[in-house]
Amino acid sequence: MCHPGWARARIAAQRLSGFARLRRVRDRIDREYARPLDVEALARAARMPAGQLSREFRLAYGASPYGYLTARRVERAVALLLGGGDPAGVWSAVGCATPGVLRDRFTGLVGAAPAEFAAGCARAGTRVGVGVGATVPG
């Protein structure tokens with residue numbers, strides 16, 4: 001017969017192991033956002049079914065793996081556009097399959113299409129501060 005505390009310790013260890021797997025998935029998305037990633041590939045690497053990965057990831061981080069990936073890509077596109085990047089080429093730099101995919105996601109999260117956002121930044125003279133990562137007036 002096992003000591004009752006051992007069962008609790010085993011459950012806690014399994015929970016920590018699950019969080020570590022989810023953290024590795026999130027870190028991979030953060031590192032490889034510009035590469036073609038899909039939930040199936042992320043789930044295979046984490047050795048869990050895609051549905052389970054999506055549910056657990058959403059519980060842990062508040063967004064599905066695909067939603068998190070999309071947010072990272074849009075975040076990077078914003079940084080590139082603020083730094084003077086070309087709106088026509090930003091979609092490929094952040095790993096989107098087509099310009100339309102980025103435009104739709106970007107518009108949904110930012111409220112303007114990439115070209116409109118870049119034009120607004122150019123008019124306002126906004127750029128990314130060197131080494132700081134914050135926007136500062138130009």
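**Entry 1: two buried rings.** I opened this predicted model and went first to a couple of phenylalanines. Phe106 is buried, and Phe117 is buried as well. I will come back to both of them further down.

**Entry 2: ring pairs.** Next I looked up how aromatic rings sit against each other. A pair of this kind is described by the distance between the ring centres and the angle between the planes. My count for the structure came to three aromatic pairs. One of them joins Phe57 and Tyr68 edge-to-face, with 5.7 Å from centre to centre and 70° between the planes. Phe57 belongs to helix H3 (residues 50-61) and Tyr68 to helix H4 (residues 65-82), so this pair ties together parts that are 11 residues apart in sequence. I checked burial here too: both Phe57 and Tyr68 are buried.

Then I returned to my phenylalanines. Phe106 and Phe117 also form an edge-to-face pair, at 5.6 Å centre to centre and 70° between the planes. Phe106 sits in helix H6 (residues 99-110) and Phe117 in helix H7 (residues 114-124), 11 residues apart, and their pair links distant parts of the chain.

**Entry 3: around Tyr68.** Which residues do ring pairs link into a cluster? I found Phe57, Tyr61 and Tyr68. Tyr68 has a charged companion as well: the charged end of Arg72 sits over its ring, 4.3 Å from the centre.

**Entry 4: empty space.** How many cavities of 30 Å³ or more does the whole structure hold? My search turned up one. The largest cavity encloses about 30 Å³ of space. I noted its lining residues as Tyr66, Thr70, Arg73, Cys96, Val101 and Arg105. By class, that lining has three nonpolar residues, one polar and two charged. H4 and H6 each supply at least two of the lining residues, and the largest share, three residues, comes from H4.

**Entry 5: the core.** I finished with the nonpolar side chains. In soluble globular proteins, such side chains tend to be buried together. Here the largest nonpolar core has 27 residues. Those with the most contacts inside this core are Val25, Ile29, Leu53, Val94, Leu102, Phe106 and Phe117, so my two phenylalanines from the start turn up again. At least two core residues come from each of helix H1 (4-32), helix H2 (39-46), H3, H4, H6 and H7. Which helix gives the most to this core? I found that H4 does, with seven residues.

How values were computed: Residues are numbered from 1 along each chain as its sequence is written. This is a predicted model: local features need pLDDT of at least 70, side-chain atom pairs count only at pLDDT 80 or more; totals for chains, interfaces and linings use all residues. Side-chain values use heavy atoms; hydrogens and water are left out. Rings of Phe, Tyr and Trp (its six-membered ring) pair if their centres lie within 6.5 Å; planes under 30 degrees apart count as stacked, over 60 as edge-to-face and the rest as tilted. Helices (H or I, at least four residues) and strands (E, at least two) are DSSP runs, numbered from the N terminus. Buried means under 20% relative accessible area, exposed over 50%, partly exposed in between (1.4 Å probe, protein chains only). A charge sits over a ring if NZ of Lys or CZ of Arg is within 6 Å of the ring centre and within 35 degrees of the ring normal. On a 1 Å grid over the protein atoms alone, a cavity is a set of points where a 1.4 Å probe fits but cannot get out, and a pocket is an open set with protein on both sides within 12 Å along at least five of seven lines; lining residues have an atom within 4 Å of a point. Grid points are joined across faces, edges and corners, and a volume is the space filled by probe spheres set on the points. Ala, Val, Leu, Ile, Met, Phe, Trp, Tyr, Cys and Pro count as nonpolar, Asp, Glu, Lys and Arg as charged, and the others, Gly among them, as polar. A nonpolar core is a set of buried Ala, Val, Leu, Ile, Met, Phe, Trp, Tyr and Cys residues joined through side-chain atoms within 4.5 Å.
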